[in-house]
Amino acid sequence: MTNWQASQATSDQARAWARVRASLRESAGARLFDQWLKPMELIEGDEPDTVRLALPSAFMTNWVRSHYADRLHLEFKAALPGLRAVVVETRMPSRTAAVLTASTPVASAPRTLTPESPRPAPTLFEAPAPVATAPVPAAPAPVVTITTDRPPLDPRLTFDRFVVDGSNRVAFNAALALAEPGVPRFSPLFLHGGTGQGKTHLMHAVGHAFQANEPGAAVLCMSAERFMFEFVASMRARDTFAFKQRLRSADLLLIDDLQFIAGKDATQEEFFHTVNEIVGAGKRLVISADRSPQSLDGVEPRILSRLGAGLVADIKAPDLVLRRTILERKVRDLPAQTIPADVLDLLASRIHANIRELEGALNRVVAYAQLTGDTIDLEFATATLGDMLRHTQRRITIDEIQKLVSAHFELKPLDLVSARRSRAIARPRQIAMYLAKRLTTRSLPEIGRKFGGRDHSTVIHAVKKIEQLRDTDRDIDNAVRVLMRELEG
């Protein structure tokens with residue numbers, strides 16, 4: 001390739017990146033874009049058919065890979081038809097790098113492409129050392145490649161990393177059953193639930209388990225948006241046969257976010273025939289959506305009927321206990337990273353929209369700590385999450401807890417603050433104290449005073465007792481779960 005051709009390819013990629021960046025900003029919203037996508041930079045590469053993007057931390061790289069792999073590929077492919085791959089890599093700033101200022105002379109600066117400035121512009125430089133010193137070796141940057149072939153299954157999304165409780169047990173067991181070898185007991189499996197509740201995790205887990213059970217099987221995973229894009233591209237290229245053959249030859253087909261093809265008549269026509277071919281051949285099909293089949297507006301009734309003929313399983317929003325357990329599982333995956341228990345309690349109690357947002361908050365805290373060198377504690381987490389916590393804050397009072405607990409156990413609110421010690425009253429009182437400690441910001445002495453002037457040591461004993469009973473007494477554990485769910489609204 002000539003220098004002119006290389007320069008032209010770089011310029012094309014810069015223009016494409018400007019359009020992709022604007023599209024991401026509009027679709028993702030200001031908060032999500034600023035937090036995860038804005039730090040992404042287009043960097044110059046040697047391959048004209050490969051787009052290279054860089055992020056400042058491995059956590060950001062992993063998050064973008066999990067949530068925006070398909071979207072980045074589709075957006076760039078639309079702007080650059082000859083694109084082969086999109087590479088997302090982590091590039092940590094050098095320890096000796098200094099921020100470029102207007103008064104700083106530049107001897108040799110690495111070339112960085114940004115959408116605001118299509119031409120290479122120096123952003124960082126290596127400060128010249130006054131004496132010869134040994135260079136600090138850069139850590140190898142983890143690289144994630146998004147190719148135009150079928151996207152690989154995410155190695156992190158397996159059954160053993162999926163946290164199970166009552167909100168998702170049916171969906172989990174159904175996914176396990178579909179991944180078993182031999183003739184499938186049912187197909188398709190339709191998973192539905194709110195955004196970020198674990199549908200995609202279960203789909204990838206089915207793929208991993210099925211490949212392990214049937215090593216020679218063909219597994220194909222794609223979003224409904226990608227299905228639509230590839231189908232339209234095949235029609236424009238007058239080569240729909242290859243598209244159909246690729247999908248219908250799969251032994252396991254995984255289609256995520258079906259709601260995106262609502263109102264797309266031509267895509268739905270092809271999707272219906274694909275479903276018929278897969279299911280009719282006795283193969284496995286897993287579909288996910290944010291609503292049940294009956295609630296999917298804009299999707300043809302014959303498709304909904306076909307999907308409803310299989311097994312439909314919903315995933316409910318996680319309660320406080322499940323959110324806390326998920327965070328503990330995530331922390332175990334962070335090497336040499338200590339997250340205090342009170343920080344995990346803060347995240348679990350204040351961020352309850354969905355699991356994806358919860359994990360994003362944890363990743364944000366860890367990433368900011370790595371970038372700033374600060375120690376993670378409650379003050380740091382509160383300052384880092386800022387608007388996210390204020391947006392989700394809901395004040396729960398001890399009075400509210402006492403009223404709900406007394407109603408649940410058919411007592412009078414005065415019983416919980418009285419001196420009576422019978423088990424029928426003492427146990428609900430301990431549960432109320434436990435909830436007050438978990439769900440409010442009140443100190444132990446303040447909680448004790450609200451329960452008839454009791455000492456803080458009584459509150460400590462109550463909290464420890466309920467924690468022990470939750471592990472051994474199913475009735476107590478169920479009561480606490482129900483009360484937490486009601487209090488959190």
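A residue is called buried when its relative accessible area is under 20%. Keep that cut-off in mind on this tour of a predicted model.

**Stop 1: strand S3**

Select residues 85-90, which form strand S3. Six of the six residues in S3 are buried, so by the cut-off above the strand is mostly covered. Look at its two sides in turn. Ala85, Val87 and Glu89 lie on one side of S3, while Val86, Val88 and Thr90 lie on the other, and both faces are covered.

Now add strand S2, residues 50-55. S2 and S3 run parallel and are joined by six bridges. To find one of the matched positions, select threonine 50, whose bridge partner in S3 is alanine 85. Then trace the chain between the two strands: from S2 it passes through helix H3, residues 58-79, and on to S3. This β-α-β crossover is right-handed.

**Stop 2: strand S11 and its neighbours**

Move to residues 252-256, strand S11. How many of its five residues are buried? Five of the five are, so S11 is largely enclosed by the rest of the structure. Show the side chains: Leu252, Leu254 and Asp256 point one way, and Leu253 and Ile255 point the other way.

S11 pairs with strand S10, residues 219-223, in the parallel sense over five bridges. It also pairs with strand S12, residues 284-289, again in the parallel sense, over four bridges. Leucine 253 is a useful residue to select here. Leucine 220 stands opposite leucine 253, and leucine 253 in turn stands opposite leucine 285 in S12. The path from S11 to S12 goes through helix H8, residues 265-280, and this β-α-β crossover is right-handed.

**Stop 3: helix H4**

Keep S12 shown and select helix H4, residues 169-178. Which residues of H4 are buried? They are Ala171, Phe172, Ala174, Ala175, Ala177 and Leu178. To see what covers them, show S12 together with strand S9 (189-193), helix H5 (199-213) and strand S13 (311-315), which are included in the cover.

**Stop 4: helices H12 and H13**

Select helix H12, residues 355-372, and helix H13, residues 378-385. Two packed helices are described by the angle between their axes and the distance between those axes. Here the axes come within 10 Å and cross at roughly 105°. That makes H12 roughly perpendicular to H13.

For the residues where the helices meet, show Ala361, Arg364, Val365, Tyr368, Ala369 and Thr372 in H12, and Phe380, Ala381, Thr384 and Leu385 in H13.

Stay with arginine 364, which lies in H12. Is arginine 364 buried or exposed? Its relative accessibility is 15%, and the cut-off for buried is under 20%, so arginine 364 counts as buried. Leaving aside residues up to four places away in sequence, arginine 364 touches Gln35, Trp36, Thr384, Leu385 and Met388.

**Last stop: the whole chain**

Zoom out and show the whole protein chain. The chain has 20 helices and 13 strands. Of its 489 residues, 45% are buried. The protein chain exposes about 24700 Å², and carbon and sulfur atoms supply 52% of that area. Among contacts with a separation of 6 or more, 74% are between residues 24 or more positions apart.

Notes
Residues numbered from 1 in each chain as written. Predicted model: local features only at pLDDT ≥ 70, side-chain atom pairs only at ≥ 80, totals over all residues. Heavy atoms only, no water. Buried < 20%, exposed > 50% of the residue type's maximum accessible area, 1.4 Å probe, protein only. Pairing = 2+ DSSP bridges. Right-handed = clockwise from strand over helix to strand, strands pointing away. Contact = heavy atoms within 4.5 Å. Areas by Shrake-Rupley, 256 points an atom, 1.4 Å probe, with all protein chains shown as cover. Axes fitted to C-alpha atoms, helices over the stretch in contact; angles between N-to-C directions. Parallel < 35°, antiparallel > 145°, perpendicular 65-115°, else oblique.
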